[in-house]
Structures are given as structure tokens and as C-alpha cells.
Amino acid sequence: MQPFRLPEFYLPYPARLNPNLERAREHSKAWAYRMDMIDVPQEGKKIWSEADFDRHDYALLCAYTHPDADGPELDLITDWYAWVFYFDDHFVELYKRDPDLTGAREYLDRLPEFMPVDGAITAEPGNPVEWGLADLWTRTVPTMSIDWRRRFADNTKHLLDESLWELANISENRLSNPIEYVEMRRKVGGAPWSANLVEHAVSAEVPAEIAATRPMAVLRDTFADGVHLRNDLFSYQREVQDEGELSNGVLVFEKFLDCSTQEAADAVNDLLTSRLHQFEHTALTEVPQLLDERGIDPPGRMAVLGYVKGLQDWQAGGHEWHSQSGRYPDGTATVLGGPLGLGTSGVNIVRSLISTAPQRLRGFTRLPFQEVGPIPQREIEPPYDVSLSPHLDLAREHVVDWARAMGMFTDVPRVWDEQMLRTYDLPHCSAGLDPDATVEELNLSSDWLTWGTYGDDYYPQIFGHTRDMAGAKTLNARLKELMPLDGASPVAPVNMLERGLADLWRRTTASMAPAGRRGFRRAVERMLDSWLWELSNQHQNHIPDPIDYVEMRRQTFGADLTLSLSRFSHGQTVPPEIYRTRTIQNMENSAVDFAMLVNDMFSYRKEVQYQGEVHNAVLVVQNFLDCDLERAFEIVDDLRIARLRQFQHTVDIELPNLFEEYDLGAETRATLTRYAGELRDWMSGIVNWHRECRRYFDSELRYNVPVDAAGLLGLTGLGTSAARVSSAWDPVLG
């Protein structure tokens, strides 16, 4: 019996079938036999029989997802998918059903040896997964660039390694929260890996100079989310009811929203639709601008267009395969609620466009500056003890003097006056974020927070209502030039934002090594670019997709800048690869998300009613779920609590495991333990400032609509003296 009726999917692209299907079926079965994947038990456990292989029909998947590939290319792509599905089932039988973390780590640690970015494979394969990977890598990489090989190897490694995350959750019987799930599912689900194979299949590599940009990352991530969420809907019965899986979006939504399985499935489908809408929006609006701004030549443009079309083909073909494959119990054709098959693509496209139109239109048609009425009250307490720097009063006067010297109160047009700056009391925030800061460190932290919060207000006020994107981009370019990596800037600052950044850059980076200066500059640049993203949405009256909002909010919040400064204060005690581990990223992201959700709850009336903003988590949830304000606040508050619990779980469970797994020394362990403590101070300081600052009081809003500072709450504080960078955390406050 089906646990729920499959919802009506958004199907904007027609599915097409590759004419080389039968050839690929014959080839892939012969290849799987040669790799001992069929009818060869592993450690006494059956993985696949020939009947299993035939029923799954991976050649059909690849014929649908790569309809234009020639015969040899389709053979290769099909072998890759047979291998990745075999790996998944092999891992389940050997390491998941009876959880074996130690054995799983040893197994996974060997696999990168069969994916050298340059040079030949030297390791000797010893099981079907290793034999298959060695064969496929050798057949795939000769025609691709080093850049593509590196990206493909990284995504393959993520796919393999993050199986440990799933296994750890099963061992602990732990269900992830929605934000954590989407982030981790991208890695373990393999769709970014599929996107790399699309480049190979269409013989069109994404130009290296734009591969890491936001528009290309959004295309990849929305594609990945679409693939994974669709799979979760089809595979719920197999994964959750048969295999005892916890990594399924329907289950995550069911438990988090406390709703029925059917309601959860509908919500997952709405999120799937939203991600596909975001894919289309990015492809049509952001990608063309990117190609123009970076001066991509005609072959590069054709490669990008081929890549986008390949991702669209994958979405359409992936759905068709899920509808027909025997991999999922009981089939699904009887519950799709409409005609199926290649001959009915046109009917499905029209129907899905009509049925999803209200969801798409909601994101662009909300009237700004609406009266929001009574706001649900939530008692938000600091999660840990709050301490304030004893130098707070000195910092309060310093930041006013600094702002005056930078021209804040005399610039025309004037965004803030002295009374507003004193009302926002940003040094109070900094004093809670880094209570142990020296006078100089607290002053610098307060100055960064003031500059970032002022900038976050300046862009929408000066460039938003006038729709002056060209002016905003010109200012962005000038600000970036005011952060020279060596020598003096070629730009003479002419306004508060420019004078402030020039001063802060000089004071902050004086003692940084070149690598640290480069990393810090990238962090500031990401925040500056995120302000353009907000402007674009403001100009279009576009309420963002919920996933895009969370991920970009971290940047508008100044989190990258904050984290970069914090890491600089650690010196050389922590190896760079440790910062890239899942554990440290989870610890950082969960703390940042907690803080920005706090800000969005406190600033809802100011942003939505008084500023006409579209960037607020409560509004994003309200728009996405089409629910009332009470329910939206409840969900955002639940998400805030879930992110806090994830932070605590990461610090209490995952961080000690990280110490042991990487055999870290005492000094590194002490630094990372201190880092967790800094994050605790940061979260508590942010809550404390929101509770005590008059910025969000109704009386203050009525008589003096303030510009938003809490968005920068992730921005500064993490250390900023020339002698040493402290661990103060100053965000951009909304």
C-alpha cells in the first residue's frame, strides 16, 4: 500500500528517449557482470541479482536523462550510474543495516585513490566498487580539463563520504532539520556529480572562470535539489519503510512540521517546484548577465547553454524514469493522476504550468509596505550566559567619533544621523559578541558592525527605490578596489562607505599574511555582491525561494566576513582542511542561521511594514507555504530552535569525534573548543542586543523608521586589531 498519493509534479520540459537505449542495456549488463556486481555476494551478503539489475533499468534512466548522447557516450554514462547505485546498495548491505562506522570509514578512505586528478591509478582495486571506479575514471577523464577533473573528483568524494553522515544519523536514530537535510542531501545524493557528467555528455565544459560564481552554483544546486526531492517522493516507501532510512525529505518535513505523510509529500513537492522555478529564473536573468560581465567568448557561451539544456533534459528524463523503474515499490504510474509516457509530454507540461502558476506568482505580486497587524509574541532567551565587555561605554563614544570622521553625518544623501546611530547602539552588540575584547579590538569590531549595517541600509535606500542597479555595481567595483592586496588603492574614497572601508581595511589587514588578506577580501566581496542580489529582488518585488534565501542570508548577514576574521585569530593552529570538514561547517552554519532567524523575527515589522522588504524569513515562509502570520512565526521559531540543537549536537558529539578521526593535537583541539565558545558568546550576544535595543520597538518605528542593522550581525567583531584579530562576532543587523 502506498504511504501517500504522489502529488502533481511541475514538468516544464518534455522527456525524450535516446535511440541507443537497447545498446546501453546490453553493454551495461555485460560491464556490471565483469565488475562482479551481479550475482556475486559480498562478504556473504547479496547485493544484486540479474533480475534486480534488469528491474532497475539504469540504461533507461540514462537514455531519458541524456537523450542526445551518442552510443559510446551513453554506454559510459550508464556504467557510471550502475556503479553509483551499486555503491549505494553495497554500502547499505555492508555498513548500514548493521551500522559499522569504523568499517565504513576504512572502505571510503580507499576510494579517492582511484580518482587521481593527474597521472595514472596506482592502487590495486579489491572489490566491485573499486574495480568499477578504476575502470570508469580511466575511460572518462582523458578528454576533460584538470579543472573539470578536480570538480568531478571532489563531488564524487562528497557523494561517497557523506554516506557516513547518513550512517551516523541511523546509528544515533537522529533526524536532521530541513536546512541541514537539504545541504547534506546535495552531497550524499549525488546530483552535483550528475551535473558534472552532463558536461561530459554534451561535450561542453563550463568555463573555469565562471564555474564557481553564484549563477552557476545556483544552477547546480537547484538542479541537485530538484533531483533529490523528486527522488525522495518516489523512494519514501523503499527507503523509510524498507531500509529504515532517515535521510528522506518527506520524513524530515513530516516530523518537523508535525503533519501527515500526505501533507509532508505535498510540501516537499512545493519545494521541488520552487527550486525548479529558481533554476529557470537564474538561467534567464542571472546567467546572461554573468556571461556579458565576464566577457565569455562564443564557444564558452555555447558550452553554458548546452549545459543548461542538459540539466533540463536530466530533470525531465529523471522524472520519466522514476515513473517507470522497478527500483521503487509497487510502481507509481497508477497514482500519478494523469497520462504518462512520451506521447503525453505536452499535456503534462501545460497542466503543470497552470497548476503551479499561483505559487510562482505569489513570489512577485505581494504589495510592499502592508500593515502587518499584531505580531505573535515569542519569548526568545539567550541560549547561553551573556557577558558584556567592560569597555562598552568607551566604544559607544568611539564609534560616534569614527562615524563622524568618516562623513556619516555630513554625506548627502544622508542615510543615518547621530541620534539614529546612538539609538542602534551597535557597540552594545559587539560588547556581547566578544566580551573579552581589548579596547582596541572592541572599537574595531564596533566600527565594522557600524560600517556593514550602514551599507546594508544604504544600498536599498539609495539604489533600491530608484532601481539604479548600474550605480550599485559601480559602487561595488570601487569598494573592491579599496581593498588592495598589496600597495595602495587606485581609488580615492569620496563617501562614508568608501572612507569607512578604506580605514577598516588598513587597520584590519596590516598584520595579515598575503593568503589571509586574499581570503578576507573574498569574504567582504561576497557580502558586497549579496547586497546586489537583494537589490535585484527588490527591483523585481521578488520574495526569494526559501533555500536561496537561507543561503544568501548568510552572506548578507556578513557571516563569511565574520568567520574569516575568526579563523585569522586562530593563527596556524588549525589545518585549513579541518575548516572544510562537515563538522566545522555544520557548527558555523547552524550558529549563523540561529542568529539570522532571531534577527528576522525581531525585525519583521520594521522590514515588512516600514521598509517594504522582501528579505525576511517569516515572510519567505508565509509566501512559500501560503500560511498565516501566526503559523509562519511558529515555523521560523521551530527552525531557530532546531538550528540551535544542531549546533549543540555538533559541539557535543561531532566535534570530539572530529578530534579523534583526524588525530588532532592538543593545541588544535583547544583552538576549536575555544572557537565553539566564541560562537556561543556570539549567539547569546545577538539575542541580548535584540532584546534590549530600541531599534525594533514599535514606538521607535513609528517616529523614526530606522535602517536595518541586524542583517550585519554576522559581519564583524571577530578580531580586528593590528596586533591580533580577536574573536568578536559582528553581523550585519536587519
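A residue counts as exposed here when its relative accessible area is over 50%, and as buried when that figure is under 20%. In this predicted model, N173 comes out at 64% relative accessibility, so it lands in the exposed class. N173 sits in the loop between α8 (163-172) and α9 (178-189), and its backbone is a bit of an oddity: phi is positive, near 55°, in a residue other than glycine.

D57 also has a positive phi, about 55°, without being a glycine. This residue is found in the loop that links α2 (50-56) to α3 (58-65). With a relative accessible area of 14%, D57 is buried. As background, most residues other than glycine have a negative phi, and most peptide bonds are trans. On the peptide-bond side, V412 and P413 are joined by a cis bond, with omega at about 0°. P413 belongs to the loop between α16 (392-406) and α17 (418-424).

Turning to side chains, H570 lies in the loop between α24 (559-569) and α25 (576-579). Its relative accessibility is just 4%, so H570 is counted as buried. The H570 side chain makes a polar contact of 2.6 Å with the side chain of Y579.

Out on the surface, E43, D98, D100, E106, D109 and E113 together form a negative patch. One of these, D98, is placed in the loop between α4 (71-96) and α5 (101-110). D98 has a relative accessible area of 54%, and therefore is exposed.

Terms used:
Residues are numbered from 1 along each chain as its sequence is written. This is a predicted model: local features need pLDDT of at least 70, side-chain atom pairs count only at pLDDT 80 or more; totals for chains, interfaces and linings use all residues. Side-chain values use heavy atoms; hydrogens and water are left out. Patches are made of residues with over 30% relative accessible area and no salt bridge: like charges are joined within 9 Å, nonpolar side chains (Val, Leu, Ile, Met, Phe, Trp, Tyr) within 5 Å. Accessible areas come from the Shrake-Rupley method with a 1.4 Å probe; for residues, only the protein chains shown count as cover. A salt bridge is a side-chain nitrogen of Lys or Arg within 4 Å of a carboxyl oxygen of Asp or Glu. Lys and Arg count as positive and Asp and Glu as negative; His and the chain ends are not counted. The place of a charge is taken as NZ of Lys, CZ of Arg, CG of Asp or CD of Glu. Helices (H or I, at least four residues) and strands (E, at least two) are DSSP runs, numbered from the N terminus. Buried means under 20% relative accessible area, exposed over 50%, partly exposed in between (1.4 Å probe, protein chains only). A polar contact is a pair of N or O atoms within 3.5 Å; within protein, one must be able to donate a hydrogen and the other to accept it, and residues adjacent in sequence count only if both atoms are side-chain atoms.
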